[in-house]
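Biologist: Could you take me through one part of this complex slowly, as you would for someone at the bench? I would like a close look at a single chain and how it sits against its partner.

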Amino acid sequence: MLTILLFILFGGMAVGCAVAVVAQRNPLYSAISLVGVFISLACLYMTLAAPFIAAVQIIVYAGAIMVLVVFVIMLLNVEEEAHRPLRLRYLVPIAVALAAILIAEAAFILTLRGGPERVDTTGVPASDVGLTASIGTGLFTEYLLPFEVTSVLILMALVGAITLARRTLAPASTPEPEFAGASEYVLGEDYASRPTGVIQPGDTEATGQAMARMHIKQEEEAMRAKHSTTGEEEGEG
Amino acid sequence: MIPLSWYLALSAVLFTIGVTGVIIRRNAIQMFMCIELMLNAVNLTFVAFSTYFQDVTGQLFVFIVMTVAAAEAAVGLGIIIAIFRNRESLDVDEANILKL
């Protein structure tokens, strides 16, 4: 009798909080309601004699995941969702009719007697199924491979989350390298004062100057490389 | 003892509420929370069957589902932050093209 009362209490709390999660327009209130759902589900797990899962539910869901969600909500400063007209208005009566049919169907099946023999599920003998020891034994013997694969999954999620949320750096504006004398010698004095920007199509002069500049740069680097290698050889000699 | 079908009915109701939320909400974070709600409904089914059939496998599945949910939370919130940075909005109706 007490179990039924607890089920009704926490089941009703779970459903109410779930409706609040969906109905709220402010994401922060939704998150708080979701914490309520998690806690009432943990209490239901206790009534199902699963204390380990109940504890993990509180620690992982209500503790870790919801803190993450609330943190993101606060970080992004999300505004409330605006009211907007329903686009598919004519579908509402159809949806109501279909839902009524579905519920009637479910009620019919649930109240149907004389189907295949029903599993007797009304008595649960005391056992150690939900205890930490039995879960640990199962996790590290029969289900060791899924457990290890889960660790790889978490590693992937870690790398993926960091990659996705990283603030991508804008391409740094590198200053143009100085060409001591050669550029001005070839291209004239006024070259340095020209804006070096996007070359318009058809601007042959700018194209030619850019190409000349590229060649000068390549040759200078080649010369420099040659000079440094020869210098080293001379030093060794 | 409560019949198993009560837990299954409660789980179905929670799952349906989650599906409804994913359909009618437009805020990416709220859709994300509705997905968490659906995962929890499935977890309730797993634990109920595990207890009623006296088999620990269901609770191990719940454990792994929780791990996957945590990984999903990390990656999903990373995606949400990236979308918000590019669009200054979390409305999924506006994030409908695959470029910046």
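Modeller: Happy to: here is a walk through chain B, from its overall build to its contacts and its confidence scores.

This is a predicted model, in which local features need pLDDT of at least 70, side-chain atom pairs count only at pLDDT 80 or more, and totals for chains, interfaces and linings use all residues. Residues are numbered from 1 along each chain as its sequence is written, while chains are lettered from A and ligands numbered from 1 in the order in which they are written.

Let's start with the build. Chain B has three helices and zero strands, and its pattern along the sequence is α-α-α. Helices (H or I, at least four residues) and strands (E, at least two) are DSSP runs, numbered from the N terminus. The C-alpha trace of chain B spans about 55 × 25 × 15 Å along its principal axes. Its radius of gyration is 17 Å, whereas a compact globule of 100 residues would have one near 13 Å; the radius is taken over C-alpha atoms, and the globule rule is 2.2 Å times the number of residues to the power 0.38. Of the 100 residues in chain B, 43% are buried. Here a residue is buried if 20 or more other C-beta atoms, placed from the backbone, lie within 10 Å of its own, exposed if 12 or fewer, and partly exposed in between.

Now for the side that touches chain A. There, 53 residues of chain B are in contact with 56 residues of chain A, where contact means that the C-beta atoms, placed from the backbone, lie within 7 Å. Helix H1 (4-24), helix H2 (28-52) and H3 of chain B each give two or more residues to this side. H3(B) gives the most, with 22 residues. By type, the residues on this side are 37 nonpolar, 13 polar and three charged. In this count Ala, Val, Leu, Ile, Met, Phe, Trp, Tyr, Cys and Pro are nonpolar, Asp, Glu, Lys and Arg are charged, and the others, Gly among them, are polar.

One residue to find on screen is Val68(B), which belongs to helix H3 (residues 57-87) of chain B. Val68(B) is partly exposed because 14 other C-beta atoms lie within 10 Å. The C-alpha atom of Val68(B) is 9.9 Å from that of Leu39(B), and the two residues are 29 apart along the chain.

Next, look at the largest nonpolar core, which has 60 residues; Ile29(B) and Leu37(B) have the most contacts inside it. Such a core is a set of buried Ala, Val, Leu, Ile, Met, Phe, Trp, Tyr and Cys residues joined through C-beta atoms within 7 Å. H1, H2 and H3 of chain B are among the elements that give two or more residues to this core, as is helix H6 (144-165) of chain A. H2(B) supplies the largest share, twelve residues. Leaving aside neighbours within four places in sequence, the contacts of Ile29(B) include Pro27(A), Val69(A) and Ile73(A) as well as Ile80(B) and Leu90(B).

Finally, the confidence. Chain B averages a pLDDT of 89, and 97% of the residues score at least 70; pLDDT is the predictor's confidence in each residue, from 0 to 100. Among the elements of chain B, H2(B) has the highest mean pLDDT (93) and H3(B) the lowest (90). For the complex, the predictor gives an ipTM of 0.93 and a pTM of 0.72.

Technical notes: Contact = placed C-beta atoms within 7 Å.
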